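User: Please go through this model with me step by step, and explain each term when it first comes up.

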Number of protein chains: 6
Amino acid sequence: MTANSEPLDAHEESYAGVGLTFCRVPFARGPEDLAGSDVAVVGAPFDLGTSFRPGTRFGPRAIRSAEDVGGPSARPHLELGLDPFAHLRVVDIGDAPVGPTISACHAGLYRAVGEILRAGAVPIVLGGDHSLSLPVMRALSDHLGPDGYSVIHFDTHADTAIYESGVTTEHAAPFSRAVNEGYVRGTNLIQIGLRGAWPFPAEFDWMRDNGIRWHSMDQVEERGLTAIVDEVIAAAGTRPRTYLTVDIDVLDPAFAPGTGTPEPGGLSTRELLRAVRRIGAALDLCAMDVVEVSPPYDPSRITALAAHRVVLEALSAIALRRSGRQPRPERPSG
Amino acid sequence: MTANSEPLDAHEESYAGVGLTFCRVPFARGPEDLAGSDVAVVGAPFDLGTSFRPGTRFGPRAIRSAEDVGGPSARPHLELGLDPFAHLRVVDIGDAPVGPTISACHAGLYRAVGEILRAGAVPIVLGGDHSLSLPVMRALSDHLGPDGYSVIHFDTHADTAIYESGVTTEHAAPFSRAVNEGYVRGTNLIQIGLRGAWPFPAEFDWMRDNGIRWHSMDQVEERGLTAIVDEVIAAAGTRPRTYLTVDIDVLDPAFAPGTGTPEPGGLSTRELLRAVRRIGAALDLCAMDVVEVSPPYDPSRITALAAHRVVLEALSAIALRRSGRQPRPERPSG
Amino acid sequence: MTANSEPLDAHEESYAGVGLTFCRVPFARGPEDLAGSDVAVVGAPFDLGTSFRPGTRFGPRAIRSAEDVGGPSARPHLELGLDPFAHLRVVDIGDAPVGPTISACHAGLYRAVGEILRAGAVPIVLGGDHSLSLPVMRALSDHLGPDGYSVIHFDTHADTAIYESGVTTEHAAPFSRAVNEGYVRGTNLIQIGLRGAWPFPAEFDWMRDNGIRWHSMDQVEERGLTAIVDEVIAAAGTRPRTYLTVDIDVLDPAFAPGTGTPEPGGLSTRELLRAVRRIGAALDLCAMDVVEVSPPYDPSRITALAAHRVVLEALSAIALRRSGRQPRPERPSG
Amino acid sequence: MTANSEPLDAHEESYAGVGLTFCRVPFARGPEDLAGSDVAVVGAPFDLGTSFRPGTRFGPRAIRSAEDVGGPSARPHLELGLDPFAHLRVVDIGDAPVGPTISACHAGLYRAVGEILRAGAVPIVLGGDHSLSLPVMRALSDHLGPDGYSVIHFDTHADTAIYESGVTTEHAAPFSRAVNEGYVRGTNLIQIGLRGAWPFPAEFDWMRDNGIRWHSMDQVEERGLTAIVDEVIAAAGTRPRTYLTVDIDVLDPAFAPGTGTPEPGGLSTRELLRAVRRIGAALDLCAMDVVEVSPPYDPSRITALAAHRVVLEALSAIALRRSGRQPRPERPSG
Amino acid sequence: MTANSEPLDAHEESYAGVGLTFCRVPFARGPEDLAGSDVAVVGAPFDLGTSFRPGTRFGPRAIRSAEDVGGPSARPHLELGLDPFAHLRVVDIGDAPVGPTISACHAGLYRAVGEILRAGAVPIVLGGDHSLSLPVMRALSDHLGPDGYSVIHFDTHADTAIYESGVTTEHAAPFSRAVNEGYVRGTNLIQIGLRGAWPFPAEFDWMRDNGIRWHSMDQVEERGLTAIVDEVIAAAGTRPRTYLTVDIDVLDPAFAPGTGTPEPGGLSTRELLRAVRRIGAALDLCAMDVVEVSPPYDPSRITALAAHRVVLEALSAIALRRSGRQPRPERPSG
Amino acid sequence: MTANSEPLDAHEESYAGVGLTFCRVPFARGPEDLAGSDVAVVGAPFDLGTSFRPGTRFGPRAIRSAEDVGGPSARPHLELGLDPFAHLRVVDIGDAPVGPTISACHAGLYRAVGEILRAGAVPIVLGGDHSLSLPVMRALSDHLGPDGYSVIHFDTHADTAIYESGVTTEHAAPFSRAVNEGYVRGTNLIQIGLRGAWPFPAEFDWMRDNGIRWHSMDQVEERGLTAIVDEVIAAAGTRPRTYLTVDIDVLDPAFAPGTGTPEPGGLSTRELLRAVRRIGAALDLCAMDVVEVSPPYDPSRITALAAHRVVLEALSAIALRRSGRQPRPERPSG
């Protein structure tokens with residue numbers, strides 16, 4: 001890590017400073033700054049894959065500036081008893097280059113994620129629309145092979161649209177396209193939180209044909225998210241590593257109004273944060289993202305804050321797993 | 001269905017088009033367009049019955065435009081395995097005529113609901129303030145007799161105010177007035193979700209005297225909404241048909257800030273949607289409404305969206321019931 | 001005009017009704033409904049040409065629903081002493097078809113505008129991003145020839161970007177591309193309201209080379225808009241007809257916050273409305289549009305309302321011109 | 001003034017305190033507290049006369065709490081060189097009683113204004129919808145006779161609707177009804193700021209027939225507000241006293257978004273404040289109101305603040321006039 | 001209670017009236033008005049102790065005006081079957097004096113709370129930032145001794161910052177400072193709702209060293225809030241009286257966006273209200289506060305409303321406890 | 001300029017990138033990076049000097065991120081015909097250190113401004129509350145002597161409060177205190193835009209006694225801002241250099257709602273931008289600031305954008321002056 005990539009500024013107050021890296025971690029300008037990192041945050045500020053309400057192009061900035069503590073990046077986790085930034089070398093490489101077409105945006109992110117993976121770090125992508133999962137999986141496939149990782153996917157929508165060729169890059173289709181293009185095995189893909197009036201039966205048929213598994217919100221309601229996460233961890237654990245992708249619209253609109261296609265009846269943030277923590281501690285994450293935060297629809301900014309905490313929870317879990325020790329929750333004496 | 005009532009336009013994008021029928025179903029201009037319909041949506045854009053914050057006059061438009069999918073009205077239900085629009089003939093007759101007094105508004109809705117009922121369809125009213133339940137019940141009483149239907153009423157407030165004659169038409173009194181005027185039997189009325197500091201003891205006494213039943217939020221918290229809904233279905237099922245009226249303020253303000261008299265401590269959308277689905281599938285609905293959505297207080301529009309989904313959930317349940325088959329949830333293979 | 005295209009509903013209240021045509025004029029479903037029309041409104045709900053903040057895809061709906069009067073479409077103009085809807089046959093054809101690419105959106109609008117022109121009506125396009133002027137000018141060129149019309153263009157930005165081929169369709173380049181593709185002569189193009197740090201010198205050179213004329217906000221401030229409009233009318237009047245295109249960001253952000261690239265220091269609505277009226281009365285408009293209204297950034301909805309009034313002012317002026325009489329302002333007696 | 005009506009609390013900070021009288025003047029609970037007052041503020045928190053967007057029932061509270069200075073009610077006027085609260089005894093009597101019908105609201109305000117007039121004070125009414133001018137003029141007519149006062153009326157709309165009897169009390173008709181019911185002479189009524197597509201020709205005819213005078217926004221633009229106000233003062237000054245009624249929608253929506261029927265193209269606050277000051281200094285005001293402030297549409301609260309300043313400007317002008325001296329503007333030495 | 005402290009006005013409508021006491025209880029101007037009161041509400045409109053987003057200085061006014069019922073202060077509790085205002089003499093003394101420094105603010109509140117305690121009433125403080133608990137505990141210690149009361153503290157943050165002397169008065173440190181300055185015993189302090197990345201380990205060590213107990217959100221999730229509240233009541237009950245302090249940020253941001261340091265993953269309002277009711281009924285409250293409501297971040301005002309209901313729930317519980325009878329929930333007959 | 005201070009990232013899109021320097025100029029980390037700079041931007045994110053609505057601590061970040069163009073910092077000025085970034089070496093040093101007291105904040109800014117001045121650059125401070133002018137003038141006095149510079153001050157408020165010692169550092173008093181402490185001569189201070197009910201007569205007397213000059217909004221209205229700016233330039237030009245301080249509340253709230261103490265009746269942005277340009281071109285600026293932008297009250301972000309343009313206009317003017325040439329406005333040929 002060179003001097004260049006030190007924290008941009010170190011003021012005490014969170015609203016101060018020109019540098020908006022995630023949690024004020026060092027800024028990594030290029031491959032040399034990535035060396036030795038455990039985790040690298042990267043923004044994907046595009047929304048050309050959006051069908052309804054655009055705006056998630058402003059998501060990475062909103063997530064990075066959602067922080068409410070300021071100061072040096074110490075964030076000890078109350079339930080785990082460890083500070084991810086003390087255990088992990090986390091850098092922020094800024095935003096992947098974007099272009100005027102969704103293909104150009106994908107190409108830029110594909111290269112950035114590949115570079116992070118080759119440096120041995122875990123990429124954490126701040127979206128951006130969910131189409132970004134396609135280049136992430138392409139890079140993962142290059143790195144781990146299409147059967148080398150499982151995908152745990154929190155979302156309202158299955159994002160497995162069956163479209164004509166030519167327009168399949170949009171945010172409704174990253175997973176169908178990734179399977180079709182051979183970047184991931186359908187049998188390694190597990191979804192949680194489905195609800196609403198989409199996908200259509202033909203898409204569910206396609207999903208079944210490809211061995212994709214999912215857990216709808218009704219199943220969450222009936223069995224509890226804890227039991228489902230147990231099962232998901234077991235299933236995902238059959239592959240060496242796991243890609244965790246969180247569409248913020250898996251949350252109920254009360255918890256995440258700032259998204260493009262909100263769907264009532266979703267998870268609470270409380271449920272989601274615990275699930276992310278458990279997954280990150282149990283499985284070896286090879287990549288992660290949080291997508292579809294749309295600031296123009298987030299007047300109280302609670303959606304960006306929830307996304308920020310999803311990332312922080314994952315970082316803490318990764319740190320715990322790598323530390324090799326058990327959680328040491330802060331508890332009163334006696 | 002005449003050519004006149006075809007979808008106004010059929011663009012793919014939900015934000016396009018001049019026609020704002022519910023889910024882009026056909027627009028029915030008059031009695032002849034109603035023939036053969038199973039369900040008819042009608043707006044009731046008035047709020048002159050409001051005591052505190054007006055604005056629900058803009059509710060019907062907000063609910064109709066809350067849709068996030070666009071395109072043709074196919075909405076397959078993930079948990080039921082059927083598309084309500086494939087099973088039911090649903091039309092939207094636009095808004096009932098409104099006038100400068102609450103009485104004139106009621107008269108217009110009474111006529112519109114009566115016309116729908118005579119055509120053999122189920123009216124679904126988009127409010128508007130809750131006083132609209134009075135003309136709905138008057139029309140139901142004409143059609144089914146005052147003992148021919150039960151009422152399941154989701155609400156924070158019992159809406160059974162005991163006022164002087166002359167001002168009893170407002171949104172706090174539709175149910176007391178309907179009982180007093182003989183449009184419904186008190187023993188057929190069941191309320192869910194009561195909380196807060198109203199009604200007053202005298203009104204509760206009146207409710208007990210008239211055999212009205214209710215379940216407060218504390219009871220929901222203690223017993224769970226599932227058990228209560230079981231009991232409500234059993235009780236309502238003693239009448240041939242059921243009128244379901246949903247005041248959106250039964251939801252906690254986190255889920256429904258856009259309403260005139262929000263009361264903390266309410267249901268989540270997740271709870272409400274499942275309850276509506278179960279009621280619609282178990283009982284023969286003769287009418288339904290969703291009321292008190294107030295767009296000026298709904299900056300993120302999540303309240304109108306929740307109301308939209310309440311209607312869609314009911315439509316799906318009606319379709320299931322009429323199809324005569326069991327739910328076929330979309331589940332992974334194996 | 002067939003029965004199909006009657007007003008969708010005729011309620012007194014503006015917040016009621018499922019049909020959102022502009023000022024509740026008849027809805028024209030196809031070419032046959034256009035016959036005999038003087039003006040046809042068409043929406044262009046796309047923003048894929050946007051560089052910064054998207055959202056103007058929701059513009060047409062917001063402009064149509066900005067109306068505050070309701071009822072039948074009578075709008076007598078106080079200063080002109082005539083009602084445009086009494087003098088003109090105005091219809092609304094809904095929105096032009098949109099597609100997943102900006103090219104597809106342009107193709108749909110090109111066809112719709114061409115159809116209107118061939119029916120002998122004046123198209124008024126509700127945007128949508130400013131790239132829509134490209135297909136409008138292409139259709140005008142087909143109809144009138146590239147030298148058959150002048151363009152009066154109100155805007156902060158010259159929209160004459162010099163880009164590589166392939167990406168020149170976006171909202172910064174409609175005018176450079178239209179000149180380059182031969183849809184309009186640069187010498188027939190006149191711009192009003194330029195300010196800020198764009199275009200760059202190379203683009204100004206290109207504009208000079210092509211004979212484009214413009215009036216910056218500084219010139220407006222120094223000479224007054226009235227004097228400039230006099231000059232613009234004289235210049236534009238050298239061609240038989242005139243296309244008026246109004247980017248709502250020509251207004252100061254105080255008057256039009258709801259736009260994608262606001263620039264402080266602009267016109268007031270008072271100035272703009274009078275200018276539009278004078279232009280519409282003095283010149284024979286062959287087409288008009290109002291673009292770049294972005295509802296997500298318009299919490300008080302004053303931007304969509306201003307755009308609505310720009311259209312109404314133009315309609316009134318067209319009516320006056322066609323009536324052949326002088327303005328008869330409503331004034332007190334004596 | 002009894003001890004009861006002392007300032008409710010005297011904290012330094014404007015955001016503190018339970019008492020929200022206008023500028024923290026004494027609260028007058030009843031007739032005895034009015035004795036010796038020069039001006040009495042009264043709220044009229046009703047909006048049942050509203051046709052489009054309700055909400056001005058919350059106007060009085062918003063105007064009173066728009067104050068940004070806090071502390072004791074000293075407000076020296078920079079251009080007049082005097083503090084209205086040092087020269088005038090101003091009290092706030094709270095809000096007039098409101099009821100469930102517009103008639104009941106009017107009756108309550110009529111009594112309150114009459115009581116203030118009989119105590120020899122000038123009533124300043126904080127609206128509330130513009131229908132409140134009807135009971136104000138009824139009370140003025142009782143007190144001064146229908147020819148004893150002129151009316152200067154700032155508004156976008158003439159508010160002279162010609163409706164059927166029975167519904168003429170709403171906010172579009174106070175002036176036509178007041179003339180028809182004999183509370184004011186049409187020849188004593190002067191309006192400033194008219195624009196938009198209403199009133200209709202029939203109403204303008206009625207206005208001419210009754211000798212009402214007006215100045216449209218076009219005339220303001222052409223002649224300047226200063227010249228028009230000169231003329232208005234001369235005309236109004238033919239009656240002994242003057243009632244000044246300010247509909248906040250006379251301002252452009254940029255300056256006053258928080259109102260029910262905004263109309264682009266209006267006055268700036270800068271123009272309005274100077275006009276109010278000149279009128280109050282030149283004429284003997286017998287009553288004043290500021291109406292149609294609608295807080296739900298005023299997210300930045302600038303509309304309520306503008307209304308507050310309109311009242312403060314009038315108070316300063318009244319004080320100047322009663323002091324008998326010339327303005328002594330604060331100017332640098334030398 | 002003197003005439004001075006009667007309700008300021010008694011209009012039916014909640015949006016009317018210049019007096020904004022809590023639930024329109026009498027305003028108590030000084031010590032003589034406090035005599036005989038059971039509970040005295042006092043505002044603490046300061047936020048100089050805030051580290052991140054200020055604005056809670058506007059909290060007391062927002063909480064008092066969040067009421068949606070209006071009229072006389074009757075608020076019968078549906079689950080308890082009693083009206084707190086019928087059983088308790090509640091007054092509102094307005095806001096404690098504030099000054100330009102946090103010390104001055106604290107001094108003013110300390111005196112006000114002391115005065116209330118000496119009059120035998122329970123102070124209920126409306127914040128304001130959480131640093132206000134320091135002067136509350138100082139006053140409680142004067143009155144009851146540092147071991148004479150326990151503290152039940154709902155909060156995301158432990159507020160036990162260990163700072164250098166001189167800056168320890170801010171909102172992150174009231175409890176560490178109160179323990180250090182001897183106003184309360186650490187062993188009597190119990191916290192509920194902790195989550196997020198603060199306090200740091202050193203602070204937790206200090207907390208353990210001082211015998212402070214706490215229950216994190218994870219423990220709430222695992223054991224349920226009911227079980228935890230049972231335990232908290234048992235623990236707190238070892239002291240004669242209990243101070244209940246509720247930081248509104250203990251709620252999830254979905255339920256309370258309007259606060260300075262929101263933290264996802266918190267309680268629902270439904271959980272909090274029931275917990276407050278149970279605590280108030282089981283223990284003898286000596287003081288209470290609700291803090292950190294920040295209106296600028298509360299566009300839908302649901303946070304202030306939740307805080308209002310927290311107070312109302314506590315009042316109802318106090319009334320029940322003092323009545324000596326069991327809850328008599330309103331239930332249907334039969 | 002070292003590599004360290006290169007632009008943080010160079011993406012095309014303005015919403016991308018972790019570095020938020022003003023217009024993406026290089027970030028200067030310390031004195032060595034300042035060498036050779038012409039202008040250095042510095043943030044002052046504090047608002048502890050605020051009396052009414054805090055929030056301007058978030059101002060610097062909002063101003064920096066208000067930019068709508070993105071990409072490299074080329075901003076050619078249309079009216080001047082030059083790009084400030086091509087003529088000036090502009091850096092951004094981030095934010096001055098802030099502390100828990102207003103004194104600590106002032107000390108940090110005083111040091112930062114002094115360092116910039118000693119490096120020979122012009123400091124441009126992004127506020128923060130207006131109390132920051134006190135440390136700026138203290139640093140200017142160190143550098144130029146108290147008679148070595150004039151002050152041109154745009155503001156609603158004179159900010160010359162006469163308070164007791166100890167609390168005179170707040171945002172109402174920077175100019176009285178600077179005069180009293182000898183940092184500036186009163187005769188060198190000129191204010192523009194005063195309006196409203198403050199300062200009080202005693203403060204105006206003090207201002208006259210100290211030779212301070214001012215121009216109220218009434219004078220602007222009567223004489224036009226152009227004439228006044230002519231006079232101000234002549235007066236300020238009697239000193240070698242000029243400090244320009246712009247309180248954004250000099251704008252009318254329509255143009256700048258996002259400020260702590262808005263006052264209706266102010267300048268338009270159009271007026272202000274031209275005035276700033278003329279001043280910067282005519283006089284040798286030694287320092288500049290723009291203060292009191294308060295993002296929580298700026299939902300459409302137009303206030304931060306206006307502030308951004310004030311800075312950009314000043315930079316362009318400085319560049320013109322230093323270039324020694326005349327403006328070359330971009331004008332059409334012919």
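What follows is a set of questions and answers on the sheet, a helix pair, a buried residue and the chains.

Analyst: This is a predicted model, in which local features need pLDDT of at least 70 and side-chain atom pairs count only at pLDDT 80 or more, while totals for chains, interfaces and linings use all residues. Residues are numbered from 1 along each chain as its sequence is written, and chains are lettered from A and ligands numbered from 1 in the order in which they are written.

User: In which order do the 8 strands of the open sheet in chain F run?

Analyst: Helices (H or I, at least four residues) and strands (E, at least two) are DSSP runs numbered from the N terminus, and two strands pair if DSSP finds at least two bridges between them. In chain F the pairing is parallel, and the edge strands, each pairing on one side only, are S2 (90-95) and S6 (213-216) of chain F. The order is S2-S1-S3-S8-S7-S4-S5-S6.

User: Which residue in S2(F) stands opposite F:Gly43?

Analyst: Strand S1 (residues 39-44) of chain F runs parallel to S2(F), and 4 bridges join them. The residue in S2(F) that stands opposite F:Gly43 is F:Asp95.

User: How many of the residues of strand S1 in chain D are buried?

Analyst: A residue is buried if 20 or more other C-beta atoms lie within 10 Å of its own, exposed if 12 or fewer, and partly exposed in between, with C-beta atoms placed from the backbone. D:Val39, D:Val41 and D:Gly43 point one way from S1(D), whereas D:Ala40, D:Val42 and D:Ala44 point the other way, and all are buried. Strand S1 (residues 39-44) of chain D is therefore mostly covered, and the number of its residues that are buried is 6 of 6.

User: At what angle do helices H4 and H5 of chain C pack?

Analyst: Two packed helices are described by the angle between their axes and the distance between the axes. Axes are lines fitted to C-alpha atoms, for helices over the stretch in contact, and angles run from 0 to 180 degrees between N-to-C directions; two residues are in contact if their C-beta atoms, placed from the backbone, lie within 7 Å. Residues of the contact include C:Leu109 and C:Val113 of H4(C) and C:Val136 and C:Ala139 of H5(C). The axes of H4 (residues 102-118) and H5 (residues 133-144) of chain C lie 8 Å apart, and the angle is about 40°.

User: Is C:Ala161 buried or exposed?

Analyst: C:Ala161 sits in the loop between strand S4 (149-154) and helix H6 (174-180) of chain C. C:Glu203, although 42 residues away in sequence, is 6.5 Å from C:Ala161 in space, C-alpha to C-alpha. Because 22 other C-beta atoms lie within 10 Å of its own, C:Ala161 is buried.

User: What kind of axis relates chain A and chain B?

Analyst: Copies are superposed by least squares on the C-alpha atoms of residues with pLDDT of at least 70 in both. A rotation of 120° with 0.0 Å of shift along its axis superposes chain A on chain B, with RMSD 0.0 Å. The two copies are thus related as by a three-fold rotation axis.

User: How many residues does each of chain A and chain B give to their contact?

Analyst: Only 7% of the interface residues of chain A are also interface residues in chain B, so the copies meet through different surfaces. The contact takes 27 residues from chain A and, from chain B, 24 residues.
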